Structure formats: C-alpha cells, structure tokens
Amino acid sequence: MPEGSGSGRALILFGPPGSGKGTQARLIRECLGVPHISTGDMLRERMQAGDPLGMVIKRLLDEGELVTDELVNQMVEERISKPDCRKGFILDGYPRTLSQAGTICRQLADRGTGWLVVHLKVDYNEIIRRLADRRSCAQCAAVYNLASHPPKVAGVCDRCGNRLSIRDDDRESVVRKRLEAYDERTRPLLEFFSGGVGSFCEMNGAGDAPALIARRICEMMRSGKSGCSLACSN
Ligand code: AMP
C-alpha cells in the first residue's frame with residue numbers, strides 16, 4: 001500500500017464555483033480533524049513561483065479555464081500520500097473532469113479508503129452575487145464575504161493583517177466562463193457519482209447557515225452512512 005494509506009474516509013465536496021465548497025471544507029476540517037485539500041489553493045500557490053509553469057497556470061486561471069488533468073492528478077496524488085491523510089481528507093475543487101474522477105476513485109479503492117461525495121446545489125444568480133462580494137487574502141488564503149462574513153476592519157485580513165483583494169477570476173466575465181467550464185466538464189460527473197460509485201448526497205448549499213450544513217455533513221462522515229435518507233435537503 002502507498003504511504004499515507006489507511007482505512008480513513010474521503011469527503012469530496014462537489015459543486016459549481018461559489019457553491020461554498022471552501023467554506024464547508026474549512027468548517028468540516030475543524031470537526032473531523034482531517035486535512036482540507038483545495039486544488040485551487042494549491043494552483044494559486046504554485047503560480048506565485050512566477051516560473052514558466054506558474055505563468056501557464058496563471059493564464060488558465062485568469063481565463064476561467066481548467067488546468068490539465070495530468071498536473072492536478074499529480075498534485076493530488078502527492079498530497080494524499082502524506083501521512084496526515086491517513087485518517088481521511090477533504091477534497092475541494094477536485095475532481096473536476098471525468099478523467100480526474102476515474103483517477104481518484106481508483107486511488108481511493110487501492111488504498112481501501114471509502115468516500116462520500118456531497119453535491120452543494122446553488123442557483124447561478126446567487127453564485128454570481130456571492131463571488132462579486134468575495135474578498136480573499138493572498139497571504140494566508142482566508143476568505144471573506146462582504147455581505148455574510150465581512151472582515152472586522154474593511155479591506156484587512158482578520159487573521160494576518162494583509163490587504164484583502166478580489167480574486168482576478170471572481171470578476172463577473174470570468175465567473176461566467178468558470179460556470180460554462182463547470183457545465184461542460186464537471187457537471188457530467190454527477191451522473192458518475194450518483195450511479196452507485198461510493199456514497200453520494202445532494203444538499204441545498206444556499207438555504208441553511210453554513211455551520212448547519214457542515215454539521216450535517218460531519219454527521220454523515222462520522223456515521224459512515226451515505227446519509228441521503230437522513231440528512232440531505234433539497
Ligand atoms: P477554485 O479555487 O476551486 O475555484 O479553482 C480556481 C481555478 O483553479 C479553476 O477555475 C481552475 O482554473 C483551476 N482548478 C482548480 N481545481 C482544478 C481541477 N481539479 N482541475 C482543473 N483545474 C482546476
């Protein structure tokens with residue numbers, strides 16, 4: 001078995017950009033005590049190197065396009081083989097294509113790790129509103145929302161004091177492209193995951209408070225059940 005293997009359980013947070021995957025992952029990480037793996041955060045960190053690969057990543061992100069399967073598959077494979085992933089982990093923003101889904105499902109099956117996929121459903125108009133209000137800290141990756149979770153001091157990160165900014169890809173024109181990429185390349189995974197491969201659940205990502213949604217997901221992860229009959233709401 002590869003390093004980092006163990007029984008554990010993986011949580012795959014699935015949904016369009018702005019559906020709350022990152023917020024949920026940060027809340028659930030606290031209650032389950034397992035790492036949060038965001039391919040978006042890893043790519044943003046990688047692009048800061050400013051080398052040729054970093055520049056290619058930056059161009060793709062700025063245009064709202066997906067990075068190659070090969071690159072993200074490799075990043076995730078390396079990350080989940082670390083010892084802190086033995087008890088499980090949370091995937092946020094991965095997989096995003098059928099090829100990525102096939103790759104991660106094979107890896108999880110090989111290491112004997114079960115998984116739960118939670119689809120966070122949110123209306124696209126709500127997503128465009130949410131992302132226009134999102135502010136991020138490039139230093140520590142903290143995320144705020146001007147309407148629902150503003151920083152204590154306008155424009156300044158509560159955690160590290162860095163200036164907050166709007167992510168280049170949260171501009172409305174780029175958000176629309178990211179939603180198109182989601183519709184074309186990522187949404188088809190719903191059929192793959194709901195077709196009986198592992199556990200699958202759909203939740204309304206806009207109705208309830210984020211903390212309540214996170215609590216339901218944690219209960220499902222702890223109980224080991226798919227939870228669809230007991231905790232999912234639409
Ligand atoms: P996110 O922070 O998850 O919204 O991701 C930001 C951007 O990173 C996306 O719009 C893609 O350009 C890229 N990205 C993140 N995860 C993936 C992935 N699994 N496959 C391909 N590109 C990705």
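Let me begin in the middle of the sheet, where strand β1, residues 9-14, and strand β4 run parallel and are joined by six bridges. I should say at once that what we are looking at is a predicted model. To help you find this pairing on the screen, look for I12, which stands opposite V117 in β4. Strand β4 covers residues 114-121, and it is mostly covered, with six of its eight residues buried.

On from there, β4 is also joined to β7, again by six bridges and again with the two strands running parallel. Here the residues to look for are V118 and, opposite it in β7, C201.

Now we can step back to the whole sheet, which is open and has five strands in the order β2-β3-β1-β4-β7, paired in parallel. Which strands stand at the edges of this sheet? They are β2, residues 36-38, and β7, residues 199-204, and because each has a single partner strand, one side of each is left without a neighbour in the sheet. From one strand to the next, the twist averages 20°. As for β2, its partner is strand β3, residues 88-92, to which it runs parallel and is joined by three bridges, and within that pairing S38 stands opposite D92.

Let me turn from the sheet to the charged side chains. As a general point, side chains of opposite charge can pair when their charged atoms come close. In this model the count comes to 17 salt bridges, and I will go through a few of them.

The first I would like to show is between R44 and D41, whose closest N and O atoms are 2.8 Å apart. These two residues lie in helix α2, residues 39-47, and because they are three residues apart there, they are separated by about one helical turn. D41 has a relative accessibility of 27%, so it counts as partly exposed.

Another pair is D208 and R216, which form a salt bridge with the closest N and O atoms 2.9 Å apart. D208 is likewise partly exposed, its relative accessible area being 30%.

What about R178 and D170, are they buried or exposed? Both R178 and D170 are buried, and their side chains meet in a salt bridge at 2.9 Å, taken from N to O. This pair also belongs to a network of salt bridges that links R134, R167, D169, D170 and R178, and with that network I will stop.

How values were computed:
Residues numbered from 1 in each chain as written. Predicted model: local features only at pLDDT ≥ 70, side-chain atom pairs only at ≥ 80, totals over all residues. Heavy atoms only, no water. Pairing = 2+ DSSP bridges. Helix = DSSP H or I, 4+ residues; strand = E, 2+ residues; numbered from the N terminus. Axes fitted to C-alpha atoms, helices over the stretch in contact; angles between N-to-C directions. Buried < 20%, exposed > 50% of the residue type's maximum accessible area, 1.4 Å probe, protein only. Salt bridge = Lys/Arg side-chain N within 4 Å of Asp/Glu carboxyl O.
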